[in-house]
Amino acid sequence: MGEAIVLTPDEKGLASDATAWGRSCCGSELLLIAIVVTVRLLRGAWARSSVWLVMTPIVVALGLLTFESVNRLLPATL
C-alpha cells in the first residue's frame with residue numbers, strides 16, 4: 001500500500017477566509033450608520049416616501065455586502 005493522504009482544512013472545505021474580518025466589521029459599521037441616518041431622516045423634515053426612495057437601495061446594498069463578507073467567515077460546509 002502507499003502512504004496515507006492527509007488533507008488540510010482548506011482541502012476539506014472546513015477553512016474560512018480570515019481576511020474577511022475587516023470587511024465584515026467595516027460593512028457592519030456602515031450598515032448601522034445607514035440605518036441610523038434612515039431613522040433620523042424619517043423623524044426629520046423629509047417626506048417618508050423620499051427617505052424610502054433614497055435610503056432603501058443604500059441599506060440593501062450595504063446589507064448584502066455585509067452578509068456576503070460574514071458568509072466568508074463561515075466554513076464552506078455550512
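# Notebook: a chain of three helices

I began with the surface, and found that the chain exposes about 6200 Å², of which carbon and sulfur atoms supply 69%. I note at the outset that this is a predicted model, so every value below is computed from predicted atoms.

**Entry on the overall layout.** I looked up the elements next and counted 3 helices and 0 strands, so that from the N terminus on the order reads α-α-α. Of the 78 residues in the chain, buried ones make up 18%. I then turned to contacts between residues at least 6 apart in sequence, and 73% of these join residues at least 24 apart.

**Entry on helix α3.** What length should α3 have, and what does the model show? At 1.5 Å a residue, the 26 residues of α3 should span 38 Å, and I found the end C-alpha atoms 36 Å apart, which agrees. Following the helix along residues 48-73, I came upon a kink of about 35° at Met55, shortly before the proline Pro57.

**Entry on the buried side of α3.** I listed the buried residues of this helix as Val51, Met55, Leu62, Gly63, Thr66, Ser69 and Leu73, so Met55 appears both in this list and at the kink. When I asked what covers these residues, I found that the cover includes α2. I took Thr66, which lies in α3, as one example to follow further. Thr66 has a relative accessible area of 4%, and because the cut-off for buried is under 20%, Thr66 counts as buried. Setting aside the neighbours within four places in sequence, I found Thr66 in contact with Ser24, Gly27, Ser28 and Leu31; I also noted that α2 covers residues 20-43.

**Entry on the salt bridge.** How many salt bridges does a search of the whole structure find? The search gives 1, and the partners are Arg72 and Glu68, whose closest N and O atoms are 2.7 Å apart. Side chains of opposite charge can pair when their charged atoms come close. Both residues belong to helix α3 and stand 4 residues apart, about one turn of the helix. An α-helix has 3.6 residues a turn, so residues three or four places apart point the same way. Checking accessibility, I found Arg72 partly exposed at 40%, and Glu68 likewise partly exposed at 36%.

**Entry on Ser16.** I then moved to the loop between α1 (9-12) and α2 (20-43), where Ser16 is found. With a relative accessible area of 42%, Ser16 is partly exposed. Which residues does Ser16 contact, leaving aside its neighbours within four places in sequence? I found Arg72, Leu73, Leu74 and Pro75, and Arg72 is the residue already met in the salt bridge with Glu68, while Leu73 was listed among the buried residues of α3. I also looked up the C-alpha atoms of Ser16 and Asn71, which are separated by 8.9 Å although the two residues are 55 residues apart along the chain.

**Entry on a nonpolar patch.** Last, I returned to the surface and found a nonpolar patch of about 390 Å², made by Trp46, Leu53, Val54 and Ile58. Among these I checked Val54, which lies in helix α3. Val54 counts as partly exposed, because its relative accessibility is 36%.

Technical notes
Residues numbered from 1 in each chain as written. Predicted model: local features only at pLDDT ≥ 70, side-chain atom pairs only at ≥ 80, totals over all residues. Heavy atoms only, no water. Patch = residues over 30% accessible without salt bridge, like charges linked within 9 Å, V, L, I, M, F, W, Y side chains within 5 Å. Areas by Shrake-Rupley, 256 points an atom, 1.4 Å probe, with all protein chains shown as cover. Salt bridge = Lys/Arg side-chain N within 4 Å of Asp/Glu carboxyl O. Helix = DSSP H or I, 4+ residues; strand = E, 2+ residues; numbered from the N terminus. Buried < 20%, exposed > 50% of the residue type's maximum accessible area, 1.4 Å probe, protein only. Contact = heavy atoms within 4.5 Å. Expected span 1.5 Å × (residues − 1). Bend = angle between axes of the 7 residues up to and from the residue.
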